[in-house]
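Please find below some numbered remarks for your reading of this entry. They concern aromatic packing, one residue environment and one sheet.

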Amino acid sequence: MAADLSQIVKAYDVRGVVPDQWDESLAALFGAAFAQVTGAAAIVVGHDMRPSSPGLTRAFARGAAERGVDVTEIGLCSTDQLYYASGALNLPGAMFTASHNPARYNGIKMCRAGAAPVGQDTGLAEIRELVEGWLESGAPEPAAEPGTLTTRETLNDYAEHLRSLVDLTSVRPLKVVVDAGNGMGGHTVPTVFVGLPLTLVPMYFELDGTFPNHEANPLDPANLVDLQKRVPAVGADLGIAFDGDADRCFVVDEHGDPVSPSAITALVAARELARNGGSGTVIHNLITSRTVPEVVRENGGTPARTRVGHSFIKAEMARTGAIFGGEHSAHYYFKDFWNADTGMLAALHVLAALGGQDGPLSALVAQYDRYAGSGEINSTVADQASRLAAIRAAYENRADVTLDDLDGLTVSAPDWWFNVRPSNTEPLLRLNAEAKDEATMTKIRDEALTIIRS
């Protein structure tokens, strides 16, 4: 097919519409390129429940095997289950998923051995260059001796490993509603939760990559509505929602009210610090609530601030030896999980924290939710640079205000802050604001939006 790889090779992965933008023939070339760039003798591959995933995965595996690489196929899995396999088997891995995107999309998340990320600066650009060359000149010659294709079951080992990283012995009986959104959570949750004192109320556990009930993107409030209604209706202690490939988890309390991912980050950070003797570095991105570094310091840890994006978090995790990292997008990273992100492990921490005391979840998380936040607000602009310059001009001479350029522009004062980041792929500016109270946050948010949209 005639493919424009600039449209599907993103900063961290491959993602596009099937078959319009890519297909199995292109997947085979990606498999060959992945084999060449990693230089590995063996790799592991897995896929989600999308209709196109099995065929794309097998084509990728075939492309790698034709280069002489042995391929272990683990079949249906969550993204963090693929990371587990990459770590436990010490093999480069490829996960076929488009996460929360609509059904017509699919993609590839790739990693080196030990779940080390593959992004633009760590191999993805080289993979794209090889594939583009082969699209013009033809596929590479097969190796003299092709690699093997074998299957392996990893779900039980993955579940056992996760449970070994959280003390679940004191969990009291809990009723939990889980919305899998017809994604891979429906595959992994029953095995991970087995043996725990939980009454599980499943929602949309049927694996269906057409997403018949709602999009598998809990970051959009519209997709949490069913869970929010169900939790109080059945008298549950909490609700958990997973995205399509089940690497992110979102939590609602006993009233059905969403719990901020920053509050979950702070809660898990406190638990991981306690588990590591009350010391360690915790990574947080710059749009995470100020609560997170405060809680980290209060629990003896060292907070480290980084840019938004999993490649930055993972790089900083590796550089600093951090024990945990969290993003406001509900990605949670653990040193004991090869620095990779796993929403399921974060969910187990929430269950252990709630089940280890007698109060409701709303009271437990209140100590980790100290500020009023705006959430992310996107604005379409004609010129990102000029709007950022206008914000800088409006605030740079104000007393008690500091500016920094780590990722976009962050404007900070003692009682509030906001960050404005340009999108890399769309003419958008993304605003996140936080303040000591709702009135201050609203004032600062609206001030910033007026400048952005003027």
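Are Trp416 and Phe418 buried or exposed? Both Trp416 and Phe418 are buried, and the points below set this pair beside other features of what is, it should be said at the outset, a predicted model.

1. Aromatic pairs. Searching the whole structure gives 11 aromatic pairs. One of them joins Trp22 and Phe96, whose rings are stacked, with 6.3 Å from centre to centre and 20 degrees between the planes. Because Trp22 sits in the loop between strand E1 (14-17) and helix H1 (24-38), while Phe96 belongs to strand E4 (residues 93-96), this pair ties together parts that are 74 residues apart in sequence. Trp22 and Phe96 are both buried.

2. The pair raised in the opening question. The ring centres of Trp416 and Phe418 are 6.1 Å apart and the planes meet at 10 degrees, so this pair, too, is stacked. As stated above, Trp416 and Phe418 are buried.

3. An aromatic cluster. Trp22 and Phe96 also belong to one aromatic cluster, which is formed by Trp22, Phe30, Phe34, Phe60 and Phe96.

4. The surroundings of Leu409. Leu409 is found in strand E20 (residues 409-413), and it counts as buried because its relative accessibility is 2%, the cut-off for that label being under 20%. If residues up to four places away in sequence are set aside, Leu409 touches Leu388, Ile391, Arg392, Leu403, Asp404, Phe418, Asn419 and Val420; this list includes Phe418, a member of the stacked pair with Trp416. For Leu388, the C-alpha to C-alpha distance to Leu409 is 7.1 Å, although the two residues are 21 residues apart in sequence.

5. A four-stranded sheet. An open sheet is formed by four strands in the order E14-E13-E15-E16, with mixed pairing. Its edge strands are strand E14 (302-306) and strand E16 (332-334), each of which pairs on one side only, and from one strand to the next the twist averages 20 degrees.

6. Within and across that sheet. Strand E13 (residues 281-285) and strand E15 (residues 324-326) run parallel and are joined by three bridges; on the E15 side, Gly325 is the bridge partner of Ile283. Helix H9 (residues 291-298) lies across E13 and E14, and its direction makes an angle of about 155 degrees with E14.

Definitions and conventions
Residues are numbered from 1 along each chain as its sequence is written. This is a predicted model: local features need pLDDT of at least 70, side-chain atom pairs count only at pLDDT 80 or more; totals for chains, interfaces and linings use all residues. Side-chain values use heavy atoms; hydrogens and water are left out. Rings of Phe, Tyr and Trp (its six-membered ring) pair if their centres lie within 6.5 Å; planes under 30 degrees apart count as stacked, over 60 as edge-to-face and the rest as tilted. Helices (H or I, at least four residues) and strands (E, at least two) are DSSP runs, numbered from the N terminus. Buried means under 20% relative accessible area, exposed over 50%, partly exposed in between (1.4 Å probe, protein chains only). Contact means heavy atoms within 4.5 Å. Two strands pair if DSSP finds at least two bridges between them. Axes are lines fitted to C-alpha atoms, for helices over the stretch in contact, and angles run from 0 to 180 degrees between N-to-C directions.
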